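New to this one? Let's walk through it together with a few questions and answers.

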Amino acid sequence: MNEPGELTRAPKQADEPAALIRAGDAGVTFVQIWEVGGPEAQQRWLAVMHESIHILQRQPGFVTMNLHTSIDGDRIAVYAQWASRETLEAAISDPAAIAAHDRMAKIGSSDGSLYTVESVYGPSS
């Protein structure tokens, strides 16, 4: 059992997907920030997401999702890649996805937007 405020991670899988970010790729990225108000709430929100992620994973057009937890425990950033705006909109209209979102909304509030990749930079030589 975790101590209050201790962050947990989803188990890493050998074939764990990685976000591939390239300028000009087709598809959209949904970036969402959840304000949850503390480490305990952050852990409750993550538990709901870990229990519910299969709902999105089975949807056509789902590519990857990355969850970033703030070090202070107050926020969660969601970085989700989808094949298109239409596939994302269809997925989040699924009644099971709506129910999971409603459970997370009881823990915190969110703000999100759709993006495309304009540029990608790496280390310079």
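What follows is a short round of questions about strands, salt bridges and one residue's surroundings in this predicted model.

Q: How many bridges join strand S1 to strand S3?
A: Strand S1 covers residues 28–35 and strand S3 covers residues 75–82. The two run antiparallel, and one of the facing pairs puts Ile33 opposite Ala77 in S3. The number of bridges joining S1 and S3 is 8.

Q: Which residue in S4 is the bridge partner of Val31?
A: S1 also pairs with S4, in the antiparallel sense and over 7 bridges. Look across to S4 from Val31, and the bridge partner there is Ser113.

Q: Which residue forms a salt bridge with Glu35?
A: The structure holds 5 salt bridges, so there are a few to look through. In the one with Glu35, the closest N and O atoms are 3.8 Å apart, and the partner is Arg75. That pair links distant parts of the chain, 40 residues apart, with Glu35 in strand S1 and Arg75 in strand S3. So the name to remember for Glu35's partner is Arg75.

Q: Is Arg75 exposed or partly exposed?
A: Partly exposed means a relative accessible area from 20% up to 50%, and exposed means over 50%. Arg75 has a relative accessible area of 30%, so Arg75 is partly exposed.

Q: Where are Glu89 and Arg85, which are separated by about one helical turn?
A: Glu89 and Arg85 form a salt bridge, with their closest N and O atoms 2.9 Å apart. Glu89 is partly exposed at 38%, and Arg85 is partly exposed at 47%. They are about one helical turn apart because they lie 4 residues apart in helix H2.

Q: Which residues do salt bridges that share partners join into one network?
A: Asp72 and Arg75 meet through their side chains in a salt bridge of 3.0 Å, N to O. Arg75 also forms a salt bridge with Glu35. The network of shared partners is made of Glu35, Asp72 and Arg75.

Q: Why does Glu118 count as exposed?
A: Glu118 is in the segment after strand S4. Exposed means over 50% relative accessible area. Glu118 counts as exposed because its relative accessibility is 66%.

Q: How far apart in space are Glu118 and Ile21, C-alpha to C-alpha?
A: Next door in the chain, the side chains of Glu118 and Ser119 are joined by a polar contact of 2.4 Å. Ile21, though, is 97 residues from Glu118 in sequence. In space, C-alpha to C-alpha, Glu118 and Ile21 are apart by 10.0 Å.

Technical notes
Residues are numbered from 1 along each chain as its sequence is written. This is a predicted model: local features need pLDDT of at least 70, side-chain atom pairs count only at pLDDT 80 or more; totals for chains, interfaces and linings use all residues. Side-chain values use heavy atoms; hydrogens and water are left out. Buried means under 20% relative accessible area, exposed over 50%, partly exposed in between (1.4 Å probe, protein chains only). A polar contact is a pair of N or O atoms within 3.5 Å; within protein, one must be able to donate a hydrogen and the other to accept it, and residues adjacent in sequence count only if both atoms are side-chain atoms. Two strands pair if DSSP finds at least two bridges between them. A salt bridge is a side-chain nitrogen of Lys or Arg within 4 Å of a carboxyl oxygen of Asp or Glu.
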